[in-house]
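Thanks for sending this one over. Below are a few notes from my read-through, set out as numbered points so you can check each against your own view.

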Amino acid sequence: MTALSSATLATLSASTPTYDREAASVGIVHFGFGNFHRSHVAMYLDRLMENGAGLDWGICGVGVLEQDAGMRDVMRAQDCLFTLVVRHPDGSLEPRVVGSVLEYLYGPDDAAAVHQRLDDPAVRIVSLTVTEGGYLKNPATGDFDAENPAVVHDLAHPEDPRTAFAYIVEGLRRRRDAGAAPFTVMSCDNLQGNGDYARQAVVGFARLTDPDLATWIDTSVAFPNCMVDRITPSTTDADREAVHREFGIEDEWPVPAEPFTQWIVEDEFPTGRPPLESVDVQFVADVRPYELMKLRLLN
C-alpha cells in the first residue's frame with residue numbers, strides 16, 4: 001500500500017494532478033468541508049487546474065465543529081489530497097486524486113489563522129456547504145435564529161467562533177474597515193435559493209453585532225444562487241478497502257460519487273471568479289428556471 005501524499009503522487013495507479021501545486025495559491029475559503037464539496041466544487045477546480053488555468057483559485061477548507069477534527073488530521077497527513085472514486089453503472093471504479101485543496105484550517109485550534117486567511121485579498125470567494133440546518137433558521141418564524149446556542153456562544157465569545165457566520169461577518173467587517181473589496185459569499189448547498197439562505201444568515205448574524213455592518217453587507221456583498229447536483233454518499237470502510245485493494249492507495253477519507261455532475265451558477269462575482277465555464281460549469285443571469293426544472297424532473 002502507498003500512503004497518499006504529495007511525495008507519493010508519481011507512484012500511484014490513479015489519475016493524479018500534473019499541475020504544480022506548489023505554484024498554486026488560495027482564492028477560495030470553504031466552510032463545511034465534507035464529501036459533497038470534495039466531489040463537486042473541489043473536483044471542478046481540479047479539472048480547471050489540470051487544464052492549465054485557475055492556479056490562483058486553490059481552496060482552503062475550514063472546519064469549525066469538534067467533529068471536523070477527523071478531517072483536519074486526514075488532510076494534514078495527506079497534504080490535503082484525496083481520492084475521488086467515480087462509481088460507473090457497470091460497477092467499474094474510476095479514481096482521480098484531487099489536488100485543488102491547498103490548505104485545511106481547524107478553527108478550534110487556531111481561529112486567528114482562519115481570520116488571517118479571510119483577510120487575504122487574494123481570497124475573493126467564501127463558499128459554504130453546511131446543510132439546510134446549518135443556516136440557523138428559526139423553525140417558527142423562518143428568521144435567523146438569534147437564540148441558537150452556537151450563535152449565543154459566538155456573540156459572547158467572538159475569539160472562539162463555532163459558526164461559519166461569525167467568521168464570515170468578522171472577515172467582512174475587517175475588509176470594510178480597511179476599505180478593501182468584500183469577498184463573494186457562495187452557498188453550494190442543495191437548496192432552492194441557497195444564496196438567499198446564505199444572505200439571511202450572514203446579515204442576520206451581523207445585525208446582532210453591528211446593524212450598520214449588516215446594512216453594508218446586505219448592499220455590498222454578492223450572494224449568488226446556484227444549482228448543484230451530484231450523488232455523493234458518505235465514505236465507508238468498504239470504500240477505503242476498495243481504494244486499497246483496487247488501486248493500492250492508502251487514503252483515509254476517499255470520496256465515492258456517481259458519474260453525473262452539474263453546477264449552474266448566477267454570474268455575480270464582483271471581485272472575480274475562476275473561468276469554470278471551460279470545465280462545463282454554466283454561468284447564468286438567473287438560476288431559478290434551472291432549479292424548477294430540476295425539481296420537476298425529480299418529482
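1. Let's begin with the lining of the largest cavity, bearing in mind that this is a predicted model. The residues around this cavity are I28, V41, L45, I125, M186, W263, V265, F269, R273, P274, L276 and F283. Two elements, α2 (41-50) and β12 (262-266), each give two or more residues to that lining.

2. Sorted by class, the lining of the largest cavity has 11 nonpolar residues, no polar ones and 1 charged. R273 is one of the lining residues, and you may like to look at it in your viewer.

3. How many cavities of 30 Å³ or more does a search of the whole structure find? The search finds 1, and the volume of the largest cavity is about 60 Å³.

4. Next, a helix pair. The axes of α6 (residues 164-178) and α8 (residues 211-220) come within 11 Å and cross at roughly 85 degrees. An angle of 65 to 115 degrees counts as roughly perpendicular, and α6 and α8 are therefore roughly perpendicular to each other. On the α6 side the contact is made by V169, L172, R173 and R176, and on the α8 side by D212, L213, W216 and I217. By class, this contact has 5 nonpolar, no polar and 3 charged residues.

5. Finally, a strand pair. β4 (residues 82-87) pairs with β5 (residues 93-98) in the antiparallel sense, over 6 bridges. Opposite L84 stands R96 in β5. The two strands form a hairpin with 5 residues between them, and in the turn G91 has a positive phi of about 95 degrees.

Note on methods
Residues are numbered from 1 along each chain as its sequence is written. This is a predicted model: local features need pLDDT of at least 70, side-chain atom pairs count only at pLDDT 80 or more; totals for chains, interfaces and linings use all residues. Side-chain values use heavy atoms; hydrogens and water are left out. Axes are lines fitted to C-alpha atoms, for helices over the stretch in contact, and angles run from 0 to 180 degrees between N-to-C directions. Helices (H or I, at least four residues) and strands (E, at least two) are DSSP runs, numbered from the N terminus. Angles under 35 degrees count as roughly parallel, over 145 as roughly antiparallel, 65 to 115 as roughly perpendicular and the rest as oblique. Contact means heavy atoms within 4.5 Å. Ala, Val, Leu, Ile, Met, Phe, Trp, Tyr, Cys and Pro count as nonpolar, Asp, Glu, Lys and Arg as charged, and the others, Gly among them, as polar. On a 1 Å grid over the protein atoms alone, a cavity is a set of points where a 1.4 Å probe fits but cannot get out, and a pocket is an open set with protein on both sides within 12 Å along at least five of seven lines; lining residues have an atom within 4 Å of a point. Grid points are joined across faces, edges and corners, and a volume is the space filled by probe spheres set on the points. Two strands pair if DSSP finds at least two bridges between them.
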